[in-house]
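I open these entries to keep a record of what I looked up in this model, going from one topic to the next.

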Amino acid sequence: MSKGKILNAIRKNKPSDGPPLPGTLSISMDGDPVETFTRIASESSKVIKISSSSEDFKAHFRDFEKVVDYTRDDETRDLDIDVLVIKGQLGVCENGAIWVDENTMGERILPFVCQHLAIVLDSKDLVGNMHEAYGKIKPGSIGFGVFIAGPSKTADIEQSLVIGAHGPRSLTIFLNTSEKI
């Protein structure tokens, strides 16, 4: 059967448009955003509450040789990094995900090739759910951004759990609770 015949058959048998899509969902979050985010994010990551954005994050990683702190304007072209510290722009309480864009991660690849990732997030930047998060993200204003929600996990390699198979082995979140929500 030719490509044209296949496409015509698809067009001819296309289902009706169906009912209209629902309007904008409005889902509110119950409880304290800091506690909700901490509880959800702690299921896959380490959450450390801090009370100042001037914290010395490198002090938390003294056992590692190569620690790069982009919150302090450290720069590197080296991709062999033990710990990378970056700033998160937005945290989502419903799933513990953090939005990070290219303005704060240095090279785009760094959050995915470092051994351990640390993200600094202000509690004032927490939203309840992904609907609110996408409402705050301005897609046309950045070239690259990603939600990060802990290290990757897979159990398909010889049927054993591997953490960090496709990125960092751990995620530490420094949640600045001095910022008012």
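**Entry on one salt-bridge partner.** I am working from a predicted model, and I began with Asp-80, which counts as partly exposed at 46% relative accessibility. Its partner is Lys-66, and the closest N and O atoms of this salt bridge are 3.1 Å apart. The pair links distant parts of the chain, since I found Lys-66 in the loop between E1 and strand E2 (67-69) and Asp-80 in the loop between E2 and E3, 14 residues apart. Lys-66 also counts as partly exposed, with 29% relative accessibility. I then noted that Asp-78 belongs here too, as Lys-66, Asp-78 and Asp-80 are linked in a network of salt bridges.

**Entry on the other salt bridges.** How many salt bridges does a search of the whole structure find? I recorded six. One of them joins Glu-35 to Lys-49, with the closest N and O atoms 2.7 Å apart. This pair, too, links distant parts of the chain, with Glu-35 in helix H2 and Lys-49 in strand E1 (residues 46-50), 14 residues apart. Glu-35 is partly exposed at a relative accessible area of 42%, and Lys-49 is partly exposed at 37%. I also looked up the salt bridge in which the side chains of Asp-125 and Lys-124 meet, at 3.3 Å from N to O. Here Asp-125 is buried, with a relative accessible area of 16%, whereas Lys-124 is partly exposed, with 40%.

**Entry on helix H2.** Having met this helix through Glu-35, I asked how many of the nine residues of H2 are buried. Seven of the nine are, so H2 is largely enclosed by the rest of the structure. I listed the buried ones as Pro-33, Val-34, Thr-36, Phe-37, Thr-38, Ile-40 and Ala-41. Their cover includes E1, strand E4 (90-92), E5, E6, E7 and E11.

**Entry on the nonpolar cores.** As background I keep in mind that nonpolar side chains tend to be buried together in soluble globular proteins. The largest nonpolar core in this model has 24 residues, of which Phe-37, Leu-84, Ile-86, Leu-117 and Ile-119 touch the most other members. The elements that give it two or more residues are helix H2 (33-41), strand E3 (83-87), E5, strand E6 (116-122), E8 and strand E11 (170-176). Apart from this core lies another, of 10 residues, among them Ile-48, Ile-50, Phe-61 and Val-67. I then looked up Leu-84 on its own: leaving aside neighbours within four places in sequence, Leu-84 is in contact with Val-68, Tyr-70, Leu-110, Pro-111, Cys-114, His-116, Leu-117 and Ala-118.

**Entry on cysteines.** Since Cys-114 appears among the contacts of Leu-84, I checked its burial and found a relative accessible area of 2%, which is buried. Cys-93 is buried as well, at 1%. A search of the whole structure for disulfides finds zero.

**Entry on a sheet.** In what order do the four strands of the open sheet lie? I wrote down E7-E4-E5-E8, with mixed pairing. Strand E7 (126-127) and strand E8 (145-148) are the edge strands, each pairing on one side only. Strand E5 (residues 97-101) and E8 run antiparallel and are joined by four bridges. Within this stretch I marked Ile-98, which stands opposite Ile-148 in E8.

**Entry on aromatic pairs.** I counted five aromatic pairs in the structure. The rings of Phe-57 and Phe-174 have centres 4.8 Å apart and planes at 55°, so I entered this pair as tilted. Phe-57 sits in the loop between E1 and E2 and Phe-174 in strand E11, 117 residues apart, so that distant parts of the chain are linked. Phe-57 is buried at 0% relative accessible area, and Phe-174 likewise counts as buried at 0%. Tyr-134 and Phe-147 form an edge-to-face pair, 5.5 Å centre to centre with 65° between the planes. Tyr-134 belongs to helix H4 (residues 130-136) and Phe-147 to strand E8, 13 residues apart. Tyr-134 counts as exposed, at 52% relative accessibility. Last, I noted that ring pairs link Phe-57, Phe-61, Phe-64 and Phe-174 into a cluster.

Notes: Residues numbered from 1 in each chain as written. Predicted model: local features only at pLDDT ≥ 70, side-chain atom pairs only at ≥ 80, totals over all residues. Heavy atoms only, no water. Disulfide = S-S within 2.5 Å. Buried < 20%, exposed > 50% of the residue type's maximum accessible area, 1.4 Å probe, protein only. Pairing = 2+ DSSP bridges. Core = buried A, V, L, I, M, F, W, Y, C linked by side-chain atoms within 4.5 Å. Contact = heavy atoms within 4.5 Å. Salt bridge = Lys/Arg side-chain N within 4 Å of Asp/Glu carboxyl O. Phe/Tyr/Trp six-rings, centres within 6.5 Å; stacked < 30°, edge-to-face > 60°.
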